[in-house]
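I opened this entry to keep track of what I looked up, beginning with the whole chain and ending with one helix.

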Amino acid sequence: MADRDRLLSYLEAYWETHGYGPTLEEVRRQMGFSSRSHALYHLLSLVREGRIIREPGKHRTWRPVSLPSPPVSIPLKGVVPASTPDQAGEVIPQDLGVLRLPAAWVPRRCRFALWVRGESMIGLGIRPFDVVLIEPVTWSEVRSGDLVVMRLRGRNQITLKELVIEPLKKAGGTSQKDGKDQAIYWLRPAHPDLQPIRLDRRMWTLEGRVAFRFGPVRDLEVMIREG
């Protein structure tokens, strides 16, 4: 048992330093085992005891269960204005750096992050200098009430708003069942001084949906450096 306790301590220290696990040869040398099979025996014993886990078929994945999942790298692709489109102006996509975030914060489909400027979504808790994580979605996947990033086609003008999908009404007041193509789309701010914007899908591109947000982050350079 003493060998396994020492081995577990070694694995914990290795993961904290490198972000991945050691090779069998590194385990053998560090622990003074006579062979790799001897090292493998003790590693598998720790797996059976529920003290470490391993991803089958992958190298360097002997990970203590007491460790949190390693951080996830997400590119920060620029600024998204939470304002009216006429206030948004031209926003040039740019790589501001890479965020290293806790795995629990990053849904599986997220591909990039944006830095929020403006107050149009403050009623839904999105404040200036918040960071939003964006997952790609299609028009068939998006739902009324989703927070979306929209881009005006042919320009670098983007905005962050709540998407509202309003079914068309038949004569007599009943809703049509013909799907989203027959609906009216709105971009709705969450600010008492701003009005919803009717969305023409021919003019706007759906860049993605907000999957997670945190902040505010006022000193972005410090956050990138610490990540």
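**Notebook: chain, pocket, helix**

I first looked up burial, and I noted that 40% of the 227 residues in the protein chain are buried, where buried means under 20% relative accessible area with a 1.4 Å probe, protein chains only. I must remember that this is a predicted model, in which local features need pLDDT of at least 70, side-chain atom pairs count only at pLDDT 80 or more, and totals for chains, interfaces and linings use all residues. Residues are numbered from 1 along each chain as its sequence is written, and side-chain values use heavy atoms, with hydrogens and water left out.

Next I looked up the secondary structure, and I found five helices and 11 strands in the protein chain; these are DSSP runs, helices being H or I with at least four residues and strands E with at least two, numbered from the N terminus.

I then turned to contacts (heavy atoms within 4.5 Å). Of those in the protein chain with a separation of 6 or more, 63% are between residues 24 or more positions apart.

My last entry is on helix α2, residues 24–31. Which residues of helix α2 are buried? I wrote down E25, E26, V27 and M31, and I added that the cover over the buried residues of α2 includes α1 and α3 (36–48). After α2 comes G32, and I recorded its phi as positive, near 75°.

Technical notes: Buried < 20%, exposed > 50% of the residue type's maximum accessible area, 1.4 Å probe, protein only.
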